[in-house]
Amino acid sequence: MSVIIILLIASISIAALFLGAFLWGVKTGQFEDDFSPSSRILFEDKPSSTKTV
Amino acid sequence: MSATVLTDQEIHCYHCGEPCLNDKIRAEEKIFCCEGCKMVYGILNQSELCDYYSLNENPGINQRIRVRQDKFAFLDDAKIQEELISFQDDKQVHITFYLPQMHCSSCLYLLENLHRLNPGVVSSKVNFTRKEAEIVFLKEKTSLRRVAETLTSIGYEPYISLNDLKEKRPAIDKSMVYQLGVAGFAFGNIMLMSFPEYLGIDASERGLLEIFRWANFALAIPVLLYSALPFYISSWKSLKHKFLNIDAPIALAIIITFIRSAWEVLSGTGGGYFDSMTGIVFFMLAGRIVQDKTYRQLSFERDYTSYFPIAVSVLKNGLETPTTLPEIKPGDTLLIHNEELIPADGILTRGKAFIDYSFVTGESLPVQKEIGEIVYAGGKQTEGTIEMLVVKEVTQSYLTKLWNRDEFKEKEEINTRSFVHLLSRYFTYIVLTLATATAIYWYFNDPSRIWPAVTAIFIIACPCALFLSNTFTNGNVLSILGRNRLYMRNAQAIEDMALATHIVFDKTGTLTSTREQDIRWEGLDLDPARLEIIAALADQSNHPLSKALARHIGRKSSLPFTSFREIPGQGIEGEAGNQQYRLGSAVFVTGHSHAARGTSVFVRIGDQVYGHFHFSNHYRESIPELIRELKKDFRLSVLSGDTADEQDNLIRLMGRNTSLLFHQKPEDKLNYIKQLQAEGGKVMMIGDGLNDAGALKQSDIGIAVAEQTNNFTPSSDAIIEARQLSKLTRFIRLCKANRNIIVASFVLSIVYNVIGLFFAVQGTLSPVIAAILMPSSSLSILLLTFGSSSLIARRLKL
């Protein structure tokens with residue numbers, strides 16, 4: 001039944017991946033402003049890309 | 001696309017949608033209400049940004065207030081720049097502006113295309129919820145001042161206040177959300193890996209069971225050390241103040257559950273209660289986040305600094321120099337331009353002051369001051385430019401002095417008031433007694449069962465159900481109130497509101513509306529034709545009194561005036577039908593001053609003085625009904641900064657049992673609240689202006705009234721939209737229900753606890769029972785709290 005160990009590792013790492021994605025999303029403020037991104041996608045030409053700082 | 005929006009044959013401005021007086025202001029077949037709107041259209045058209053208009057119909061903001069040339073001169077000052085800029089290097093500068101005018105997706109489009117209007121701008125990114133734009137620009141090509149001017153020219157004037165000078169806005173604390181994520185991750189996986197333990201596993205696979213237990217152990221560690229941190233911190237803080245709050249028994253339960261489970265895994269005797277422990281932490285963090293969800297776009301902390309400008313022009317040797325407010329000294333001469341705020345108490349030395357104190361007192365009509373009179377800080381000059389001599393420093397003025405009082409010194413405050421802590425304390429004592437009794441019992445009968453029995457009691461009897469019912473009920477009630485435009489600062493405000501026994505109203509701006517006035521004509525009869533001419537004449541002026549008068553008479557016509565003239569601070573005149581019309585102050589119209597009480601506009605037609613329009617406060621429509629309802633359950637008071645003119649009206653409105661006080665200074669209001677509290681009352685203060693700030697702060701619950709929630713409100717426990725004031729009795733009822741719901745769900749949770757304790761005292765609490773009991777009790781409490789609070793809100797029609 002060592003296959004269970006592999007499954008276990010797989011499931012936990014996928015869950016960890018999602019946890020990482022969630023933490024990243026919170027950190028970059030994706031849950032803060034729910035209005036601008038949805039409207040921004042409708043603008044035809046994008047605002048100029050941010051140049052290197 | 002049609003050039004103009006035509007409804008009811010009225011012409012509306014292409015930019016801002018306001019009705020136009022005539023169709024004279026045109027550009028490319030499009031009609032505008034004023035030159036300002038036309039200018040913005042011109043700017044956008046030139047930069048090919050007219051998509052702006054296709055995203056929303058008439059997205060613009062009224063441009064009638066012209067912005068003065070040197071308004072942003074202070075942004076050239078290096079010291080001020082340093083305070084405002086968030087980051088800069090040799091080439092680039094990052095700055096975040098607060099732009100309160102932002103309101104739709106067109107605004108977003110325009111602001112993010114700022115680089116097309118000002119080539120020096122590299123990028124701009126809007127945060128719509130916070131109404132902020134983070135702008136990056138090149139130092140070589142443009143300056144902070146020019147960026148601010150560009151923004152202003154398209155109608156988004158950055159709001160820069162003295163508050164920005166003090167400190168940077170604190171970043172939103174997201175750590176609890178991270179902690180929730182980690183707890184959820186651990187909880188889910190531990191549940192999954194606990195199944196073999198609960199469902200039984202083949203004897204030949206015993207090795208696997210060990211692996212699962214150790215994996216659970218490993219996953220529980222970050223929950224213990226990281227996710228549960230808020231509970232440790234809060235209980236530590238409360239213990240330092242020799243106070244037992246609800247977090248202390250919870251933290252204890254978390255730690256004991258972990259130790260017991262770890263011991264079971266290490267000794268190989270069982271799988272422990274890791275799933276229950278992580279689950280508790282997860283649910284309680286979720287509850288706390290629901291309860292603490294704040295309205296980020298609102299500020300409950302505003303004092304005068306977020307309202308005062310960052311700098312004003314000081315006249316030195318005939319030169320205007322922008323100076324930051326803290327540097328203003330008594331003896332300086334300030335130049336206050338039209339629409340600017342008076343930052344310090346002083347004496348008027350030049351010009352005619354026409355000062356709007358609505359932010360301070362709630363009084364919407366401007367007050368006239370002559371040279372030599374004292375002008376107080378907090379007012380806004382509404383006509384022309386004045387000069388004034390500073391008498392007191394900014395922090396020492398009549399208005400701002402209030403903030404130096406002890407009541408306003410921030411203290412580290414731990415919440416010790418809530419009845420939930422009291423409940424949890426009794427609960428903890430009972431549990432401790434029970435644990436001791438159990439330990440003694442097993443000591444004499446079977447000492448080997450002391451340890452499992454006592455730990456099980458602590459695990460099962462943690463007041464997490466009380467905690468959950470409290471946080472989730474509060475969270476739901478807060479969001480119901482928020483939907484009804486009553487925004488609470490925090491959950492404690494709900495409880496304070498439910499306990500109030502005495503309600504104190506401010507008069508001006510709270511009971512009365514700042515938007516409307518009652519206007520009464522006193523004098524000779526005016527025929528409709530003349531009235532119409534007066535309305536048309538008044539409509540030509542931007543003065544608040546003229547505007548109110550034109551609105552009041554209500555008939556719109558664009559009569560041609562052959563010689564229209566406006567004398568700032570005095571009045572207006574014009575000729576129609578061969579007759580000279582004059583509207584304005586008594587001196588201007590009649591030639592001598594008049595001892596009329598209150599605010600009046602005099603009228604002269606030809607050589608004949610016809611009389612005057614008398615302006616008085618207009619009580620909000622919903623107020624009489626509200627007062628009738630409140631009178632039944634509360635003691636009421638009205639505080640007014642004004643004279644006793646309105647006394648008769650107020651007695652009629654409020655009844656004879658209400659205390660009415662006039663001539664109240666900000667400090668008097670504060671002291672009155674203190675006095676009521678000393679008599680044992682729980683005071684709810686409802687006010688709107690800066691002069692109520694002290695009373696709002698001192699009261700048990702201070703509610704600030706705002707015509708619009710993004711307008712200025714003084715610091716308070718709650719902000720209510722003026723129109724919603726009529727629902728106040730229902731709001732109070734909902735807050736009272738809140739407490740009952742919490743108690744009811746607590747009783748339910750005690751039932752669960754008794755079942756659990758039944759197993760626990762015998763030392764036979766198996767992880768399966770704990771695993772079923774914990775989530776099912778939590779979920780049923782969630783349903784009960786959400787369901788009943790929503791039901792009550794619906795019954796109250798909220």
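A residue counts here as buried if 20 or more other C-beta atoms lie within 10 Å of its own, with the C-beta atoms placed from the backbone. By that yardstick, strand β13 of chain B (residues 353-356) is covered on both faces. Ala353(B) and Ile355(B) sit on one side, Phe354(B) and Asp356(B) on the other, and all four are buried. That split fits a general pattern: in a regular strand the side chains alternate between the two faces of the sheet. This is a predicted model, so everything that follows is a reading of a prediction.

As for its partners, β13(B) runs antiparallel to strand β14 of chain B (residues 367-369), with three bridges joining the two. Within β14(B), Gln368(B) is the bridge partner of Phe354(B). β13(B) also pairs with strand β16 of chain B (residues 380-381), again in the antiparallel sense and over two bridges. There, Ile355(B) has Gln381(B) as its bridge partner.

Zooming out, chain B has 798 residues, of which 43% count as buried. Its secondary structure comes to 27 helices and 30 strands, and its C-alpha trace spans about 110 × 65 × 55 Å along the principal axes. Of the contacts in chain B with a separation of 6 or more, 66% link residues 24 or more positions apart.

The domain assignment splits chain B into domain 1 (6-55), domain 2 (73-160), domain 3 (175-295 + 418-473 + 739-795), domain 4 (309-342 + 345-391) and domain 5 (485-513 + 620-736). The C-alpha centres of domains 2 and 4 of chain B lie 28 Å apart. Where these two touch, domain 2 of chain B puts in five residues and domain 4 of chain B four. On the domain 2 side of that contact, four residues are nonpolar, none is polar and one is charged.

Helix α11 of chain B (residues 247-267) makes a handy geometry check. At 1.5 Å a residue, its 21 residues should span 30 Å, and the end C-alpha atoms are indeed 30 Å apart, so the two figures agree. Buried residues in α11(B) include Asp247(B), Pro249(B), Ile250(B), Ile254(B), Phe258(B), Arg260(B) and Glu264(B). Among the elements covering the buried residues of α11(B) are α9 (206-227), α10 (229-240), α12 (274-292), α14 (419-445), α15 (450-460) and α16 (464-483), each from chain B. After α11(B) comes Gly268(B), with a positive phi near 75°.

Chain A is another story. Its secondary structure consists of two helices and zero strands, and 0% of its 53 residues count as buried. The average pLDDT of chain A is 79, and 79% of the residues score at least 70. Over residues 47-53 of chain A, pLDDT stays under 50, and the model has 11 contacts beyond four places in sequence for this stretch.

How do the two chains meet? In all, 22 residues of chain A are in contact with 26 residues of chain B. On the chain A side, α1 (2-27) and α2 (36-40) each supply at least two residues. The largest share comes from α1(A), with eight residues. By class, the side of chain A that touches chain B breaks down into 13 nonpolar, four polar and five charged residues.

Notes: Residues are numbered from 1 along each chain as its sequence is written. Chains are lettered from A and ligands numbered from 1 in the order in which they are written. This is a predicted model: local features need pLDDT of at least 70, side-chain atom pairs count only at pLDDT 80 or more; totals for chains, interfaces and linings use all residues. The expected span of a helix is 1.5 Å times one less than its number of residues. A residue is buried if 20 or more other C-beta atoms lie within 10 Å of its own, exposed if 12 or fewer, and partly exposed in between; C-beta atoms are placed from the backbone. Two residues are in contact if their C-beta atoms, placed from the backbone, lie within 7 Å. pLDDT is the predictor's confidence in each residue, from 0 to 100. Two strands pair if DSSP finds at least two bridges between them. Domain bounds come from an automatic or database domain assignment. Ala, Val, Leu, Ile, Met, Phe, Trp, Tyr, Cys and Pro count as nonpolar, Asp, Glu, Lys and Arg as charged, and the others, Gly among them, as polar.
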